[in-house]
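I opened a fresh page for this structure and kept the entries in the order in which I looked things up.

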Amino acid sequence: FYNRGDNFTAQSGIYYKNIGDIYNFYHLPSFLSPFLINNYIDTKDDIVSYAIYSQFNFKLGKNLQITAGFRLDKSDPYQIEGGFSYDTPFFTKQIGKVVRNRIEFIPRIAAIYRLSSDAIIKLLYGRAIRRPSFFQDYLQVQTNETTLFPEKIETIELNYQHILSRNYLLSFNLFQNILDNLITRLIILDDFGNYDYSYSTNAGRMITRGVELTFSAKPSDTFFLEFSATYQNTDDQTIGHDGIDLAYSPELLAYLKISYDLSPKLKISMNGRYVGPMKPYWDDAPDPESVSYIPIGRIGKDVIGYLDLGLNIRLTDIIKKGVFVNLKISNLLDSEIRYPVFTNNPYADKGTLDYGRHMMVTLGYAF
């Protein structure tokens, strides 16, 4: 850490991580397989990753502050061994090496400018990565595919905050997220009219653009309110997904939090969320009942948006100090809440139902 006066600070470091002796032994009933699968790291190998990072803070005048940093990240090759149909006459073994020689550059920068004593504007940019899981690496070895690389997300955000008064705050955000190198299954029709199938590859790409508005208020020590709403739209640019709306991605989200202390011993709070309509998974695989290689498409029906409100009432220091009773009511309006069907529950083509109105009473003692 380095500090030079009030206008410049810097911080740097080195990161090292070593993971070894990973051994998985499991069954995959969802794939209709009666056999067990085991996979593990070679006894002579570990999963080792290194990183160097640094961050700098600058103050340019009274109103502008800039924070910039980066991270260089790299992992060593390691060998995976695995077996399919373990402990049966059909046992097969796969051995493969996971090699990712590329050094990942992960930058971030933020510029914060104070327009006045009540208003601040921020411009933020950042990048992050997600390395493939051990299970995903093993599947690549099993199918003799090329090594998977980290998934990436780049975010740019413009934020405006305005203090309306001492106890009221308004915040407005514009944002764009670019997700690239997403690990996805890719099925492509070749020149001969046949489907080429790959278990997973770095072919996914999505761009999300949106706006978020947040209002918070605390007019007194006993009352608090916060409301936020987000509108977003995601363009799925994965090969073969042109014009296909993204699954499990509502365009409109809203959240509400309210708390009120009726007395030092009685507190009431409410939280709510609105989730817009969503679509289920789109399956690129050819429909087995079709002779023209038409994709299966949506595996279920769209679900409508829903409003979920919850109420919590807490009474403390009853009978004696420390004894409390708490009443929690979930789905207060008894709304019909459905989640879009996924590949592991295809029977629920209209969506999976959540609970209706339900409550829980808790009696406890705090000491």
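**Overall make-up**

I began with the secondary structure, and the chain comes to 1 helix and 23 strands. I note here that the model is a predicted one. Next I looked up burial: of the 367 residues in the chain, 32% are buried. I also looked at contacts between residues at least 6 apart in sequence, and 59% of these join residues at least 24 apart.

**Aromatic pairs**

How many aromatic pairs does the count come to? I found 8 aromatic pairs. I took F223 and Y260 as my example: their ring centres are 6.2 Å apart and their planes stand at 65°, which is over the 60 degrees needed, so I entered the pair as edge-to-face. I then checked where the two residues sit. F223 belongs to strand β14 (residues 223–236) and Y260 to strand β15 (residues 252–263), so this pair ties together parts that are 37 residues apart in sequence.

Are these two residues buried or exposed? Neither word fits, because buried means under 20% and exposed over 50%. F223 has a relative accessibility of 27% and counts as partly exposed. Y260, at 37%, is partly exposed as well.

I also noted one aromatic cluster, formed by Y248, Y281 and F342.

**Charges over rings**

I looked up where an arginine places its charged end over a ring, and wrote down two cases. R102 has its charged end over the ring of F149, at 4.3 Å from the ring centre. R314 has its charged end over the ring of F324, at 4.0 Å from the centre.

**The cavity**

My search of the whole structure for cavities of 30 Å³ or more gave 1. The space in the largest cavity is about 30 Å³. Which residues line the largest cavity? I listed R100, R102, E104, R131, F149 and P150. R102 and F149 are thus on this list, and they are also the residues of the charge-over-ring entry above. Sorted by class, the lining has 4 charged residues, 2 nonpolar ones and no polar ones.

**Around T67**

I picked T67 for a closer look and found it in strand β6 (residues 64–75). Its relative accessibility is 18%, which is under the 20% limit, so T67 counts as buried. What does T67 touch, leaving out residues up to four places away in sequence? I wrote down Q55, F56, N57, R108, I109 and A110. I also took the C-alpha to C-alpha distance from T67 to L124, which is 9.5 Å, with their positions 57 residues apart in sequence.

**Positive phi**

Most residues other than glycine have a negative phi, so I looked for residues that depart from this. N181 has a positive phi of about 60° and is not a glycine. It lies in strand β12 (residues 168–189). With a relative accessible area of 18%, N181 is buried.

D334 is another entry, with a positive phi near 55° in a residue other than glycine. I found D334 in the loop between β20 (323–330) and β21 (338–339). Its relative accessibility is 43%, and D334 counts as partly exposed. I set the two side by side: N181 is in a strand, whereas D334 is in a loop. N181 is buried, whereas D334 is partly exposed.

Note on methods: Residues are numbered from 1 along each chain as its sequence is written. This is a predicted model: local features need pLDDT of at least 70, side-chain atom pairs count only at pLDDT 80 or more; totals for chains, interfaces and linings use all residues. Side-chain values use heavy atoms; hydrogens and water are left out. Rings of Phe, Tyr and Trp (its six-membered ring) pair if their centres lie within 6.5 Å; planes under 30 degrees apart count as stacked, over 60 as edge-to-face and the rest as tilted. Helices (H or I, at least four residues) and strands (E, at least two) are DSSP runs, numbered from the N terminus. Buried means under 20% relative accessible area, exposed over 50%, partly exposed in between (1.4 Å probe, protein chains only). A charge sits over a ring if NZ of Lys or CZ of Arg is within 6 Å of the ring centre and within 35 degrees of the ring normal. On a 1 Å grid over the protein atoms alone, a cavity is a set of points where a 1.4 Å probe fits but cannot get out, and a pocket is an open set with protein on both sides within 12 Å along at least five of seven lines; lining residues have an atom within 4 Å of a point. Grid points are joined across faces, edges and corners, and a volume is the space filled by probe spheres set on the points. Ala, Val, Leu, Ile, Met, Phe, Trp, Tyr, Cys and Pro count as nonpolar, Asp, Glu, Lys and Arg as charged, and the others, Gly among them, as polar. Contact means heavy atoms within 4.5 Å.
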